[in-house]
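Colleague: Before I use this model I would like to go through the labels attached to it. Please give me the value behind each one.

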Amino acid sequence: MRGAEPGAVGLREVVDADLETFLAYEHDPEAVRRSRFTPRERDAFLTHWRKRVLGDPDCLVRTVTVDGEVAGNIVSWSEGDRRFVGYWLGRAYWARGIGSRALGLFLRQERTRPLYADPFSGNTASVRLLRRHGFEDAGTVRYGDDEHVLLALRTPTPAAEDA
């Protein structure tokens, strides 16, 4: 189904039942390889999501859906004086334009600028996606042995009613 036209892409509030799907997506070996993110064990994952993500009023977090099915998640959070965005889609939803549509919708809700992202430099699809949405190079950061690209979105995204 790679390259197939995406269905209706939407964002909604995260419900607890979504977390098991998010966990499965985080443990996908190809996703781990591309992101250079070490997946958490189930209990640590659920605790992190329930307390640090959903339990933090500073986080803006949404479930990405395609035709009503859980495709992944997109989150923004503050770290020091910077606001970051991150996302994770299940492999069945890659290379179909879903990430681009979801990020576009999310950027209409998350109005903080500058907004930063720091994908692994080898995750070229994610870097391209962010650049297509106006994120520009702002340096590099290292996490362990891995170099990540620091990208910043400085210009406002049109509000949903302006699009």
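Colleague: Why is Ala95 called exposed?

Modeller: This is a predicted model, so the figure is computed from its atoms. Ala95 has a relative accessibility of 55%. Exposed means over 50%, and therefore Ala95 counts as exposed.

Colleague: Where does Ala95 lie, and what is its phi?

Modeller: Ala95 is in the loop between strand 4 and helix 4. Its phi is positive, about 60 degrees, although Ala95 is not a glycine. Most residues other than glycine have a negative phi.

Colleague: Which label does Trp94 get, buried or exposed?

Modeller: Trp94 is placed in the loop between strand 4 and helix 4. Its relative accessible area is 14%. Buried means under 20%, so Trp94 is buried. From Trp94 to Ala125 the C-alpha distance is 9.3 Å, with their positions 31 residues apart in sequence.

Colleague: What is the label for Arg36, and what is its phi?

Modeller: Arg36 has a relative accessible area of 41%. Partly exposed covers values between the 20% and 50% limits, so Arg36 is partly exposed. Its phi is positive at about 60 degrees, and Arg36 is not a glycine. Arg36 sits in the loop between helix 2 (29–35) and helix 3.

Colleague: What makes Ser78 and Arg101 partly exposed?

Modeller: Ser78 stands at 37% relative accessibility and Arg101 at 39%. Both values fall between 20% and 50%, so both residues count as partly exposed. Ser78 belongs to strand 3, Arg101 to helix 4.

Colleague: What lies across the sequence from these two residues?

Modeller: Ser78 and Leu60 are 18 residues apart in sequence, with their C-alpha atoms 9.9 Å apart in space. Arg101 and Leu11 are 90 residues apart in sequence and 9.9 Å apart in space, C-alpha to C-alpha. Leaving aside neighbours within four places in sequence, Ser78 is in contact with Asp58 and Arg83.

Colleague: Why are helix 1 and helix 3 called oblique?

Modeller: Helix 1 (residues 18–26) and helix 3 (residues 42–53) pack at an angle of about 125 degrees, and their axes are 11 Å apart. Roughly perpendicular runs from 65 to 115 degrees and roughly antiparallel starts over 145. The angle falls in neither range, and the two helices are therefore oblique to each other. The crossing of helix 1 past helix 3 is right-handed.

Colleague: Which residues make this contact?

Modeller: From helix 1 come Leu19, Glu20, Phe22, Leu23 and Glu26, and they meet Arg42, Phe45, Leu46, Trp49 and Arg50 in helix 3. By class, that contact has six nonpolar, no polar and four charged residues.

Colleague: What makes up the largest nonpolar core?

Modeller: The largest nonpolar core has 27 residues. Val64, Val85, Leu89, Tyr93, Ile98, Leu103 and Phe135 have the most contacts inside it. Elements giving two or more residues to this core include strand 2 (60–66), strand 3 (69–79), helix 4 (98–109) and helix 5 (124–132). Helix 4 supplies the largest share, five residues. In soluble globular proteins, nonpolar side chains tend to be buried together.

Colleague: Which residues does Leu103 touch beyond its neighbours in sequence?

Modeller: Outside four places in sequence, Leu103 is in contact with Ile74, Val85, Leu129, Leu130 and His133. Apart from this core lies another, of eleven residues, among them Val14, Leu23, Val70 and Val75.

Colleague: How do you know that the bond between Arg113 and Pro114 is cis?

Modeller: Omega for the peptide bond joining Arg113 and Pro114 is about 0 degrees, and the bond is cis. Pro114 is in the loop between helix 4 and strand 5. Most peptide bonds are trans.

Methods: Residues are numbered from 1 along each chain as its sequence is written. This is a predicted model: local features need pLDDT of at least 70, side-chain atom pairs count only at pLDDT 80 or more; totals for chains, interfaces and linings use all residues. Side-chain values use heavy atoms; hydrogens and water are left out. Axes are lines fitted to C-alpha atoms, for helices over the stretch in contact, and angles run from 0 to 180 degrees between N-to-C directions. Helices (H or I, at least four residues) and strands (E, at least two) are DSSP runs, numbered from the N terminus. Angles under 35 degrees count as roughly parallel, over 145 as roughly antiparallel, 65 to 115 as roughly perpendicular and the rest as oblique. A crossing is left-handed if the near helix is turned anticlockwise from the far one by less than a right angle, and right-handed if clockwise. Contact means heavy atoms within 4.5 Å. Ala, Val, Leu, Ile, Met, Phe, Trp, Tyr, Cys and Pro count as nonpolar, Asp, Glu, Lys and Arg as charged, and the others, Gly among them, as polar. A nonpolar core is a set of buried Ala, Val, Leu, Ile, Met, Phe, Trp, Tyr and Cys residues joined through side-chain atoms within 4.5 Å. Buried means under 20% relative accessible area, exposed over 50%, partly exposed in between (1.4 Å probe, protein chains only).
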